[in-house]
Amino acid sequence: MSEFLIDVRAVHRRYDGGNVKALRGVDLSIRNGEFIAIVGPSGCGKSSLLQLLGALDDPDEGEVLFRSESLRTLADPSGFRAKNIGFVFQSFHLLPTLSAVENVQMPMFEMPWSATERRKRAEALLHSVGLDHRLHHLPRKLSGGERQRVAVARSLANEPQVLLADEPTGNLDSESAAQILELLDEIHGRRGMTLIVVTHDMNVANCAGRIVRMKDGRIIADNSTASPPCGS
Amino acid sequence: MWFITVIFKNLFRRRVRSLLTVVGIAVGVAAVVAMTAIAWGFEKSWTGAYNARGTDLAVTKTASKSPTPQGFDQSVGDELKKLPGVKSVSALLTSFMGIEESPGMVVFGWESGGFVWDHLKLIEGRWPASDQKELVLGTISAELLGKQTGSKVQLDVSEFTVCGIFESAALVENGSLIMALPQMQKLTENVGKVNFFNLRVNPDVDEAGVTALQKTIKEKFAGFNAFRASELASNNTGVQVAKAMGWATSLIALVVGAIGMMNTVFMSVFERMHEIGILLAIGWRRYRILLMILCESLALSLLGGVVGSVIGYLAVIGLQATPMLRGRIEGDLSPQLFLMAFLVALGLGILGGLYPAWRGSRMAPNTALRYE
């Protein structure tokens, strides 16, 4: 058994019939409980890498291992995501017809929990992100920062081991961005989750214990940092 | 939150489209209910007539499936009476005629003293005599023709006097005119001929005995056959045409309904590709996505089925009350009909929803997430 939770081995990913080379031989090993920021210019392959880590996509070459098991061989990638991965997206990706508390319950349908338990868990999660007063609001009635907090609560719904965040502060004003950053840092610290954040925002990256820099589909630097307090 | 909450929220979100789909399904199901009720009712009303008369077997020419077959020699009746197990035989001559302003009515000529008269209830007047140009009217035909006892009725070139009004348990008889057999034979230029014998068997003859009698008649009388009441009604060409038309109309309505349903569900899936991507990303398994889309389709079709059944029911009641059709149709609004309507709606939901649901559930999550 590898000492790493996630092992990315010589991964290539091409789009548009091979014309666009998003990833060109990426190797990356991630330990359980790490907080990693993946940074780099637009189109450098950050989001493509994140999708492979979350089993939303398959590499053209190489493989991604989760606890030494290749994600390519998963019989049920959705089930794997339901149990192990939480996603936070730049555009929140909440379901518009469902209230905050209902959105948070959506991943829980894959767990053996009753409707009452789902509801209690969702309320507790929204409480933990400071949204007690917004439980029954539809996404369109929430501010950007509040929507992203709902999305963070939803990503924690099934108590995953890994949280993947793709530009989580990209659509937020600086105040809301700082709140989300603080929230993610707190979740990482309190829950001991593995947190992988793709970002342009160096305030976010500086919170991470490790910064992976990418360019043209390759990792060009991988540095551990003495993580300062978030938002400083 | 329950899984079904997600389904209803999805449907309610596109309420106009959902409503239009329900209307489309409802029209299809209403057509099926109304046409089938009328076709089944037509058969039921003929079966009802034979049952009301207490007819065990009806004997006619084998080749004829018409409700008013070609006439044959009345003397066959004497031979039938001699068969073992036969209690009584009634000779009938039946025709379908346009009468005065009415587009068409069943006219019976029945042998005087035959058992077929027994079940009729005379409301006023008296029964027609064999040697007089007179007839009795059913309650509905009297109302439709606007006649009463003593009125004159023109049949072809002959004028008949209404000598009484009767009531029967069978709609087809209530909407008919009945005269004595000799008068009917003269009127239709079929002197000495009939087109049916109705047979009653002895009380000690069981089901197997009736079947054996059918076989004997078929063997002994070349070109003849003996039908049970239900067989005769279902073999009747009129009933068969009504049923075929009912099915043809229903099929068209169902195909239109299924295409409408498929279109709605497909549109809904394509519009929600991004959301399906989100659901896949947060861990929903493909079968759950399939189930969600299929349940939406089923919810629409079952609601359409309920609304369509009510519309179909009201349509049959309304049609039966129109002056044009009053007394001529009798919808069979039985529980079986509504069970069939439910199954039809269920079939529409599955047929219209399965393929879009399958397509929706097969999307690659990263591709679906890119749709906005």
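Chain B averages a pLDDT of 87 in this predicted model. In chain B, 96% of the residues score at least 70. For chain A the mean pLDDT is 92. Here 97% of the residues reach 70 or more. Confidence varies among the elements of chain A. Helix α3 of chain A, residues 100–105, has the highest mean pLDDT, 97. The lowest, 88, belongs to helix α7 of chain A, residues 202–205. The model as a whole scores ipTM 0.92 and pTM 0.76.

Chain B contains 13 helices and 12 strands. Its C-alpha trace spans about 90 × 45 × 30 Å along the principal axes. The radius of gyration of chain B is 28 Å. A compact globule of 372 residues would have a value near 21 Å. Of the 372 residues of chain B, 47% count as buried. Contacts in chain B were also sorted by separation along the sequence. Among those with a separation of 6 or more, 83% join residues 24 or more positions apart.

One helix pair in chain B was examined in detail. Two packed helices are described by the angle between their axes and the distance between the axes. The pair consists of helix α1 (residues 3–13) of chain B and helix α11 (residues 286–321) of chain B. Their axes come within 9 Å. They cross at roughly 65°. The crossing of α1(B) and α11(B) is right-handed. From α1(B), the contact uses B:Val6, B:Ile7, B:Asn10 and B:Leu11. From α11(B), it uses B:Met292, B:Cys295, B:Glu296, B:Ala299 and B:Leu300. By class, the contact of α1(B) with α11(B) has 7 nonpolar residues, 1 polar residue and 1 charged residue.

The two chains also touch each other. Chain A gives 24 residues to this contact, and chain B gives 18. On the side of chain A that touches chain B, three helices each supply at least two residues. These are α2 (77–84), α3 and α4 (115–128) of chain A. The largest share of this side comes from α2(A), with 4 residues. By class, the side of chain A that touches chain B divides into 9 nonpolar, 7 polar and 8 charged residues. Helix α3 of chain A thus appears twice in this account: it supplies at least two residues to the contact, and it has the highest mean pLDDT among the elements of chain A.

Note on methods:
Residues numbered from 1 in each chain as written. Chains lettered and ligands numbered in written order. Predicted model: local features only at pLDDT ≥ 70, side-chain atom pairs only at ≥ 80, totals over all residues. Rg over C-alpha atoms; globule rule 2.2 N^0.38 Å. Buried ≥ 20, exposed ≤ 12 C-beta atoms within 10 Å, placed from the backbone. Contact = placed C-beta atoms within 7 Å. pLDDT = per-residue confidence, 0-100. Nonpolar A, V, L, I, M, F, W, Y, C, P; charged D, E, K, R; others polar. Axes fitted to C-alpha atoms, helices over the stretch in contact; angles between N-to-C directions. Left-handed = near helix turned anticlockwise from the far one by under 90°.
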